[in-house]
Amino acid sequence: MEPVEPSGNSTVQVVILDSTTITNDIRELFDSLGCSSEKANEGYFVIDVPFNLEYTSVQNKLIELEKSGVLDYAEPCLSEKHSVV
């Protein structure tokens, strides 16, 4: 088996705090920024931020939605490229 190289992508965990917010609507918002996501259940999903995408736009949207009480998020796996924002 050959060693695996890191993709350089980042992972962001998102939990929806506002019960009136539909998870897939928020996922689509991040999809439009160039990210893909995987829904675990209603109210929780994980965003995959591609290496070649500038993280600033994603992070700004996360901060905006967090401040408005829509969601909370964690950045457990940020690539070196994305963590220097």
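In the predicted model, the chain contains 3 helices and 4 strands. Along the sequence these elements follow the pattern β-α-β-β-α-β-α. The radius of gyration is 13 Å, close to the 12 Å that the globule rule gives for 85 residues, so the chain is as compact as a globular protein of that length. The C-alpha trace spans about 45 × 30 × 20 Å along its principal axes. Of the 85 residues, 32% count as buried. Among contacts with a separation of 6 or more, 64% are made by residues 24 or more positions apart.

The 4 strands form an open sheet in the order β2-β3-β1-β4, and their pairing is antiparallel. The edge strands are β2 (36-41) and β4, each of which pairs on one side only. On average, neighbouring strands of the sheet are turned by 20° against each other, direction ignored. Strands of a sheet pair through backbone hydrogen bonds, in either a parallel or an antiparallel manner.

Strand β3 (residues 44-49) is joined to β2 by 5 bridges and to β1 by 6 bridges, the strands running antiparallel in the latter pair as in the former. F45 of β3 stands opposite K39 and also opposite V14. Y44 in β3 is the bridge partner of N41. The hairpin of β2 and β3 has 2 residues between the strands, and G43 in this hairpin takes a positive phi near 100°. The two faces of β3 are distinguished by their covering: F45, I47 and V49 make up the covered face, whereas Y44, V46 and D48 make up the uncovered one.

Two of the helices were examined against the sheet. Helix α1 (residues 23-32) packs on the sheet and touches β1 (10-16), β2, β3 and β4. The direction of α1 makes about 165° with that of β2. Helix α2 (residues 55-67) lies across β1, β3 and β4, and runs at about 145° to β4. Within helix α1, E28 is exposed, because its relative accessible area of 52% is over the 50% limit. The C-alpha atoms of E28 and L17 are 17 Å apart in space, while the two residues are 11 positions apart in sequence.

A search of the whole structure yields 3 salt bridges. In one of them, the side chains of E42 and K39 meet at 3.0 Å, N to O. K39, which also stands opposite F45 in β3, has a relative accessible area of 29% and is therefore partly exposed.

Another salt bridge is formed by the side chains of K81 and E54, at 4.0 Å, N to O. K81 lies in helix α3 and E54 in the loop between β3 and α2, so this pair ties together parts that are 27 residues apart in sequence. The two partners fall into separate accessibility classes: K81, at 28% relative accessibility, counts as partly exposed, and E54, with a relative accessible area of 53%, is exposed.

The side chains of E64 and K61 also meet in a salt bridge, at 3.2 Å, N to O. Both residues lie in helix α2, where they are 3 residues apart, about one turn of the helix. E64 has a relative accessible area of 44% and is partly exposed.

The surroundings of S79 were considered separately. This residue lies in the loop between β4 (71-77) and α3 (80-83). S79 counts as buried because its relative accessibility of 9% is under the 20% limit. Its side chain reaches the backbone oxygen of G8 at 3.0 Å. Leaving aside neighbours within four places in sequence, S79 is in contact with G8, N9 and S10. G8 thus appears both in the list of contacts of S79 and as the residue whose backbone oxygen the S79 side chain reaches.

Methods
Residues numbered from 1 in each chain as written. Predicted model: local features only at pLDDT ≥ 70, side-chain atom pairs only at ≥ 80, totals over all residues. Heavy atoms only, no water. Buried < 20%, exposed > 50% of the residue type's maximum accessible area, 1.4 Å probe, protein only. Polar contact = N/O pair within 3.5 Å; in protein donor to acceptor, adjacent residues only side chain to side chain. Contact = heavy atoms within 4.5 Å. Pairing = 2+ DSSP bridges. Axes fitted to C-alpha atoms, helices over the stretch in contact; angles between N-to-C directions. Rg over C-alpha atoms; globule rule 2.2 N^0.38 Å.
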